[in-house]
Amino acid sequence: MIKLKESVEKLQAYFVNDLPYKVKLDANEGSNYLLKDGFKIDNFKANLYPDSDSKILREKMSKYYKCKAENIMVGNGSSELINTIINAYCEKGEKVMSFIPSFSMYQTYCDLCGAEYVGVETEMDFSQNIDKLIDEAKKENPKIVIVCNPNNPTGYVTPKEDLVKLLDNVQNSLIIIDEAYADFSEISVIDLINKYENLLVMRTLSKAFGLAGLRVGAVIANEKTIKYIWKVKVPYNLNILSQYAAEQALDNIDKVKDYTNRVKKLRQSLKDSLEELNFTVYPSGGNFLFVKSPVDNLFENLMEQGVLIREFRYDEVYNRITIATEEENKILLEEIGKLIG
Ligand code: PMP
């Protein structure tokens with residue numbers, strides 16, 4: 001077999017559980033509420049390439065993100081954009097720093113391009129000490145620092161003043177704030193893009209908009225930075241159907257706030273219920289809860305009952321549970337109740 005390049009050869013292919021389920025709480029997908037009746041296809045020309053600049057989509061996104069269309073570049077999910085950006089900025093051996101645990105794909109994207117991933121441990125309670133990150137960044141001089149806020153999988157929300165401190169103190173690195181779940185918390189740094197030229201904010205329609213299947217993500221930065229990184233955008237990366245569907249979904253952004261408020265309430269009630277069942281539940285700003293179960297093998301036992309959650313094995317076993325609908329939460333709690341007895 002012809003060998004892949006060295007940095008890629010050692011990688012494991014991304015594994016996605018393909019199990020039968022009655023309730024899917026493993027991937028933090030949102031509910032299907034914006035396009036539940038499908039979307040209109042008229043004046044549809046599949047023979048032509050899509051708008052490579054996704055002008056209409058970016059215009060509509062800019063209203064939700066409270067910036068200009070010129071501040072936005074879109075991609076096939078924020079995953080594609082994070083990969084492209086790491087690849088574009090990092091020479092082989094250059095460092096990318098982030099807290100650990102965090103979104104596991106940062107490490108994968110580093111491996112793909114031969115960048116070195118440097119993890120800074122979170123505290124015992126999974127909170128993130130920004131001074132520690134700043135000190136490490138000063139020592140290691142990474143090309144990129146990524147903070148996932150709220151953090152996946154722990155749910156920890158970095159206060160805005162910590163992010164400002166990071167931006168003020170680490171000016172020679174690209175600072176990526178991954179706000180995949182920011183719609184479910186109170187904090188965003190999009191309003192700082194014109195102050196910090198080295199700040200890139202990642203957003204996605206996969207979570208709060210419930211549109212994971214469309215694969216639409218965005219990088220938001222000041223106009224000069226977006227113009228600069230536009231050269232790494234894969235031409236025509238966002239297919240015509242995704243652009244079309246996302247544009248129509250964004251005509252209903254008034255529904256997004258209602259949805260995220262509902263999820264926040266359900267997050268609190270699920271947290272209360274799980275704590276009553278002796279779970280340790282970490283504070284979360286996302287559409288998920290990071291928990292430590294009082295029973296062993298929670299993941300396997302729930303899977304057998306058709307309830308999919310995610311398992312994380314660090315020094316101990318933890319689980320991440322997506323906040324879905326009230327009915328789905330109920331099924332989850334019933335199944336956990338049966339396990340606990
Ligand atoms: N960032 C974080 C923190 C995520 O959890 C995810 C998806 N799980 C992504 C980025 C990628 O999202 P997408 O590619 O669907 O936009």
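Select Lys 165 and Asp 131 to begin, and you will see that in this predicted model their side chains meet in a salt bridge, with 2.7 Å from N to O. Lys 165 belongs to helix α6 (residues 160–169) and Asp 131 to helix α5 (residues 130–140), so the pair ties together parts that are 34 residues apart in sequence. Colour the two residues by accessibility and Lys 165 comes out as partly exposed, with a relative accessible area of 34%, while Asp 131, at 37%, also counts as partly exposed.

**More salt bridges**

How many salt bridges does the structure hold? There are 21 salt bridges in the structure, and two further ones are worth a stop on this tour.

Select Lys 224 and Glu 197 next, whose side chains meet in a salt bridge with a distance of 3.1 Å from N to O. This pair links distant parts of the chain, since Lys 224 sits in helix α7 (residues 223–229) and Glu 197 in the loop between β6 (174–178) and β7 (199–204), 27 residues apart. Lys 224 counts as exposed, at 57% relative accessibility, whereas Glu 197, at 47%, counts as partly exposed.

Now move to Glu 335 and Lys 22, which form a salt bridge whose closest N and O atoms are 3.1 Å apart. Glu 335 lies in helix α11 (residues 326–340) and Lys 22 in the loop between α1 (6–9) and β1 (23–24), so this salt bridge ties together parts that are 313 residues apart in sequence. Is Glu 335 buried or exposed? With a relative accessible area of 5%, Glu 335 is buried, because the cut-off for that word is under 20%. Its partner Lys 22, by contrast, counts as partly exposed at 46% relative accessibility. Add Lys 338 to the selection as well, and you have a network of salt bridges that links Lys 22, Glu 335 and Lys 338.

**A buried threonine in a loop**

Select Thr 122, which you will find in the loop between β4 (116–121) and α5. Although Thr 122 is part of a loop, it counts as buried, at 9% relative accessibility. To see what surrounds this residue, show the side chains of Phe 99, Ile 100, Pro 101, Ser 127, Gln 128 and Lys 132, which Thr 122 touches when residues up to four places away in sequence are not counted.

**The ligand**

Which residues come nearest to the ligand? Of the 13 residues around the ligand, the nearest are Ser 78, Ser 79, Asp 178, Thr 204 and Ser 206. Select Asp 178 and look for one of its polar side-chain atoms, which lies 2.6 Å from a nitrogen atom of the ligand. Then turn to Thr 204, where an N or O atom in the side chain is 2.6 Å from an oxygen atom of the ligand. A further stop is Tyr 181, which has an N or O atom in its side chain 2.8 Å from an oxygen atom of the ligand. If you now show the surface of the protein, keep in mind that the protein covers 91% of the 400 Å² of accessible area that the ligand has on its own.

**Helix α8**

Next, select helix α8 (residues 240–249), in which seven of the ten residues are buried, so that the helix is largely enclosed by the rest of the structure. The buried residues of α8 are Ser 242, Gln 243, Tyr 244, Ala 245, Ala 246, Glu 247 and Ala 249, and what covers them includes α2 (55–65) and β8 (216–220). At the N-terminal end of this helix, look for Asn 239, which caps α8 with a side-chain oxygen that lies 2.9 Å from the backbone nitrogen of Leu 241.

Within α8, pick out Gln 243, which counts as buried at 5% relative accessibility. Leaving aside residues up to four places away in sequence, Gln 243 touches Pro 50, Asp 51, Ser 54 and Leu 238.

**The two domains**

To finish, zoom out and colour the chain by domain, with domain 1 made of residues 6–31 + 254–340 and domain 2 of residues 55–251. The C-alpha centres of domain 1 and domain 2 lie 23 Å apart, and the contact between them takes 29 residues from domain 1 and 30 residues from domain 2.

Key. Residues numbered from 1 in each chain as written. Predicted model: local features only at pLDDT ≥ 70, side-chain atom pairs only at ≥ 80, totals over all residues. Heavy atoms only, no water. Salt bridge = Lys/Arg side-chain N within 4 Å of Asp/Glu carboxyl O. Helix = DSSP H or I, 4+ residues; strand = E, 2+ residues; numbered from the N terminus. Buried < 20%, exposed > 50% of the residue type's maximum accessible area, 1.4 Å probe, protein only. Contact = heavy atoms within 4.5 Å. Near = heavy atom within 4 Å. Polar contact = N/O pair within 3.5 Å; in protein donor to acceptor, adjacent residues only side chain to side chain. Areas by Shrake-Rupley, 256 points an atom, 1.4 Å probe, with all protein chains shown as cover. Domains from an automatic or database assignment.
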